[in-house]
Amino acid sequence: MVTTNRRSLVLGGAGLAGAAALGFPRPALAQGEPLRIGWLAAMTGPSSAPTVGFNRGVVFAAETINAAGGVKGRKLEIVTRDTQGDPTKAVNATQELISQAKVLAVWGPTNSGESLAVTPIMARARMPNIHPCVVDSLIDPVKFPNAFRIAPSNTQWDDAVRGYCLKVLKVRRVAVIGDTTGYGVTAANASAAAFKRDGAEVAYQGNIDSTQPDMTPDLLRARNAGAQAIVVWSVSTGMDARLFNTRARMGWDVPIVGHPSLASGEIGGLIEKPANWDKVYAIGYRSCSYDEAGKLAPRSQDFVARLKGRVTLSDTLLWWVAAGYDAVSLVAKAVEDTGATTNEAIVKYWNGLSRYPGIFGDYTYTPQEHNGYPTDDVVMSAANSGRDGSFRLAPGYG
Amino acid sequence: MLASILASGLAVGAVYALIGITYNTMFSTSRVMSFTAGQLGMLGGVLGSLFGLRLGLPWPLALLLTLAAGALVGVVTEFVAVRPVLRSLDQHLYVLSTLALALMLQQVTAITWSTEPQPFPRLLGGFGEDVLDEKFWLPVAACALVVAGLELLYRRTLVGHAFLAVAEDNFAARALGLPERRLRVMSFALAGAVGALAGYSGGELLLAFFANGPHLNFYGFIPVALGGLGNNRGAVIGGLVLGLFQQAANFAVGGIFASVAVFTMFIVVLLAAPQGLLGSATARRV
């Protein structure tokens, strides 16, 4: 029979109090658990090429950080969900990452269509989100205080293209051409309006069906209108190549400036002669552009050296890999520096970053500005100079 | 400018005409408008590029393989999307079944080939320059060959006569002992080859691109409607007129408005002649 006397009760109570003061050995779950980062990746489907590049940076970052002991002793775990570029699948994956996988933060999606669908969902859950999508309205610190952009916005791209035309090429009359997709029409209209605002003349503005086999009508109209440069807003490499071929057949020596797709490797097989790709300048980034001597910026050079033998760059773009690497690093750094894993702590940390030295760029965020990529680092590249995912800086930059 | 309108207008018009003939050939023996016609054109470009460029085969062999593959897709269309719905033609279920097969063909191509336009080989090594470039006259030559070949087939051969008999009245043809089902399969194989030839001959112009399918489906249907359903001569004239009009509209008003101009013309013609320009009104027993 078990008896309880006053002494044993006091001793037991004292023991309990002591154990409580010293701290019970809590289950090692939280400490040992990995830090999970959600990754909304269109790994398959029509828009998978950038994601494949981003993913190489993501995996490399996680492996590098984990090999160095993780973040405060905890391993990073990337929870990847293939959205196939489909907004509906992205919505489901986002909800699963938030409620089931319990991730710290979400990187992606990588295209604006998906991002438009999932940004409000992440805002409701106050989930820290960082993405590279260009549509301006995706960043709004009032509506979406948790959403941050790691790459330039459409407006920043537009500024860079216009700046190159007006300040470097010193042209005053431009033709602005977009394709007939929603993006092509919107981007061409915004670009033309900005050129006019800056006092330039938009000699010709048009939208071309990207499957139109012959671009002669449009280029002829642009030439007759006196355009000194052609600004192109389209993701269609077929349309780009046809424009270059037609320009060459017309014997017109006009520069073509615009969307990053102008530098897509696919174009190499679609142009009739390699020279047709000359004098084409596509949006690029200072950190991922090499100079006349073939040298990248020191930080990028070092990054490429670290990637050697581990990550292939020949079939992707360096900026995709670098941005994926930076996104994971930014989440890890937030936990490392604050010691906290709450949504609020990560968002607050990002809001205080000033010229954070990433590989892709130096990011600056404030509570009022979540477009963190420096506009001055958006530059033009010689479109036909692709080499291991980086491009030669277009002529005219100091 | 006129030379450019003529060259590219006739070239794309010839491709549209060939797709129109594809529609007609399938329709004549089955009374089914198969929406795989445009996809056959797309496959002609993609397979031509695959055989001629990626696998490096000489162009005659690449052409032969492309036509054979097109014929095979035509036969598969008959078995999978047409035969099961023939009994309920009046319910127009073929719209769903052929559209579904067309979408499948397009998605499989996107996944296994590429979602970006791919180059198509220069077939004759760049024969001709500027507006006389081979990419402009090859589709026209292919269209002329097909029209001549079909005329020969329909007028001079027993199989051709049998095709016409089935097209005219398939019940009567069956009563006469003609193998209607086998003839239908053959006509789908023929249509598949014609569709693939459209894409192959226009490959240098349209490139090997998975998204060409819906474009060709759409613009290939207009010559059929303009020229009269089942009328190949009407389809050829309708296709060439459409190509020229489209290219002229590109010069005159530009991209988006050119499409508007094309469809305005289409609607006006159909309002004026609902049976098509060369079609004849058919009596229907009620």
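Hi everyone, I'll walk through a sheet and its helices in chain A, then the domains, a helix pair in chain B, and the contact between the chains. Please keep in mind that this is a predicted model.

Let's begin with the sheet in chain A. Six strands make up an open sheet with mixed pairing, and the order is β7-β6-β8-β9-β10-β14. The edges are β7, residues 201-208, and β14, each of which pairs on one side only. On average, neighbouring strands here are turned by 30° against each other, ignoring direction.

At the β7 edge, β6 of chain A, residues 173-179, runs parallel to β7(A), with 7 bridges joining the two. One pair to look for is A:Ile177, whose bridge partner in β7(A) is A:Gly206.

At the other edge, β10 of chain A, residues 280-285, is antiparallel to β14(A), and 5 bridges join them. There you'll find A:Ala282 opposite A:Ser381 of β14(A).

So, is this edge strand β14(A) mostly covered or mostly open? Mostly covered: 5 of its 5 residues, 378-382, are buried. In a regular strand, side chains alternate between the two faces of the sheet. In β14(A), A:Val378, A:Met380 and A:Ala382 point one way, while A:Val379 and A:Ser381 point the other way, and all are buried.

Now for the helices on this sheet. Helix α6 of chain A, residues 154-168, lies across β6, β8, β9, β10 and β14 of chain A, at about 60° to β14(A). Helix α8 of chain A, residues 216-224, lies across β6, β7 and β8 of chain A, and runs at about 175° to β7(A).

Stepping back to the domains, chain A is assigned domain 1, 32-152 + 301-375, and domain 2, 155-291 + 380-392. Their C-alpha centres are 30 Å apart. Where they touch, 16 residues of domain 1 of chain A contact 10 residues of domain 2 of chain A. The domain 1 side of that contact has 11 nonpolar, 4 polar and 1 charged residues.

Over in chain B, helices α6 (158-168) and α8 (180-201) pack at about 105°, their axes 10 Å apart. That angle falls between 65 and 115 degrees, so α6(B) and α8(B) are roughly perpendicular to each other. B:Ala162, B:Phe163 and B:Val166 of α6(B) meet B:Glu180, B:Leu183 and B:Ser187 of α8(B).

Last, the chain contact: chain B gives 25 residues and chain A gives 20 residues. On the chain B side, the elements giving two or more residues are α1, α9, α10, α11 and α12 of chain B. That side has 12 nonpolar, 11 polar and 2 charged residues. Thanks, everyone!

How values were computed
Residues numbered from 1 in each chain as written. Chains lettered and ligands numbered in written order. Predicted model: local features only at pLDDT ≥ 70, side-chain atom pairs only at ≥ 80, totals over all residues. Buried ≥ 20, exposed ≤ 12 C-beta atoms within 10 Å, placed from the backbone. Helix = DSSP H or I, 4+ residues; strand = E, 2+ residues; numbered from the N terminus. Pairing = 2+ DSSP bridges. Contact = placed C-beta atoms within 7 Å. Nonpolar A, V, L, I, M, F, W, Y, C, P; charged D, E, K, R; others polar. Domains from an automatic or database assignment. Axes fitted to C-alpha atoms, helices over the stretch in contact; angles between N-to-C directions. Parallel < 35°, antiparallel > 145°, perpendicular 65-115°, else oblique.
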